[in-house]
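Biologist: I'm new to this one. Could you show me the model and walk me through how its inside is put together?

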Amino acid sequence: MSTEPQTFSPENQLALIQRYAEERGFDIVRVYEDAGRSGLTLEGRDAMRRLLADVEGGRANYEAILVYDVSRWGRFQDADEGAHHEHACRKAGITVHYCAEQFDNDGSIGSTLLKAVKRVMAGEYSRELSVKVFAGQCRLVEKGFRQGGMAGYGLRRLLIDEHGATKAELRHGERKSLQTDRVILVPGPDAEVATVRRIYALFITGEPERAIADRLNREGIPTDLGRPWTRGTVHQILTNPKYVGDNVYNRVSNKLKQRRVANTPALWIVAKGAFRPVVDAEAFERARAIVEDRSRRYDDAELLDLLARLLRATGALSSLVIDEREEMPSSSVYRRRFGSLLRAYRLVGYAPDRDYRYLEANRRLRLLHPEVLTAVREGLEQAGGTVARDPVTDLLDVNGEFTASVVIARYRSTAAGSARWRIRLDSGLAPDVTVAIRMDADNAAPLDYYVLPRIDMTEPHLRLAESNGLSLDGYRFDDLDFFFSLAARASFTEAA
């Protein structure tokens, strides 16, 4: 099931399949169900993968597979992919029945033609829906409404109703509840706005991003995520048009679960002056001119030479590695000049190695874990709780009432560019609650948090996508305020 009409709810599908089985004398011995999953790819569809593995591995103790309709294999953009899965079942001696279709899957010319048409229609449905959703999002952007994402340092999200009247400022983790409501960006606290303007002023007068970051860190000013400033975070503020009031959308795209791509400015959707600016247009243009002039100093050969030298110095390349080097142009320059970072990598003889990146990310996250654990402990104590930390297992005992484990889930990308996270629930320690922190695409900062009670978790590992259905996303939070509140103590007055 994806997020489609209720016709395709698991309950309705299973009820029809059961009637079909009863009418034909079948006994249902096993059910494979992926609830709340997109059918564009097999990524995240664990039940579908198990079915195919059971069939191809000879572990299928059944003679037939009952499928609601042709589209339930998937709404693949390549119609042959669905046909391939059905063929794998037939090759293993298992027949496939389509319970809601108006034809028998008997191998006749008619049924074969109808299946081919249905498969194409299933893929086309997703493509047309993607076009309609994208068009709707573009219209909202052009009207000045924010489409997802955190506000960023120096900005806040403001909720307005359908008539444009202010309703409330959305705090971190809050979302709109009415479909007719909209979100816009407004300047944040005065101190943050002053810091943003100061960043621009320092940069325009000749101070580079790294020096600005060091200055802010010395002064004890954290980012909006509560972390130290880096060259990359300062650079992002200097180059993001939302600070001058522009609403920009479609800078990157990942349509139909295909590879994530950085779009050229010609494909961006831009609404000028949609928000109240934090910095004036003159300061923004001067900062942008400095950034662009810095990259214009280099021709293609010089850019590649710098990239090759960085590769020799670090052994690996990524946008984060590039953006953190003071003497390097930003990674966006390489994307713009060579079409993509991957093409620039190839031109200097570098093929990103997944295993190396895995080790690098894991090393950083291992170093981050003690810091995160300390922050969680302090948050619980500030809420009024008493916390004891096991020095061997890092298990947290809260108020002597429940135990908690803190794990960090590394961001990883599939071959198609989809985001994935894997969470290991420590069944050996058996904590009452596991706090899982999903990292962002750079594995540099938390994206969100899952507070997972052991009583509701039956599997030792969880594989998360961007959206996971209510059964998992019901435990998702944008911050840990809810979890910290579990440690709070309440006083009761004794009744007379």
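Modeller: Contact here means heavy atoms within 4.5 Å. This is a predicted model, where local features need pLDDT of at least 70, side-chain atom pairs count only at pLDDT 80 or more, and totals for chains, interfaces and linings use all residues. Residues are numbered from 1 along each chain as its sequence is written, and side-chain values use heavy atoms, with hydrogens and water left out.

Biologist: Leaving aside neighbours within four places in sequence, what is Trp 229 in contact with?

Modeller: Skip those neighbours, and the list runs from Tyr 153 and Ile 199 to residues further along the chain numbering. In full, the partners are Tyr 153, Ile 199, Ala 213, Leu 216, Asn 217, Ile 221, Pro 222, Thr 223, Val 234 and Ile 237.

Biologist: Which element gives the most to the largest nonpolar core?

Modeller: A nonpolar core is a set of buried Ala, Val, Leu, Ile, Met, Phe, Trp, Tyr and Cys residues joined through side-chain atoms within 4.5 Å; buried means under 20% relative accessible area (1.4 Å probe, protein chains only). This core has 33 residues, and Trp 229 is among those touching the most other members. Elements giving two or more residues include β3, β5 and α5 (helices are DSSP H or I runs of at least four residues, strands E runs of at least two, numbered from the N terminus). With seven residues, the top giver is α5.

Biologist: What do the buried residues of α9 pack against?

Modeller: Those buried residues include Leu 303, Leu 307 and Ala 308. They pack against α10, α11 and α12.

Biologist: And which residue follows α9?

Modeller: Its phi is positive, near 85°. The residue is Gly 315.

Methods: Buried means under 20% relative accessible area, exposed over 50%, partly exposed in between (1.4 Å probe, protein chains only).
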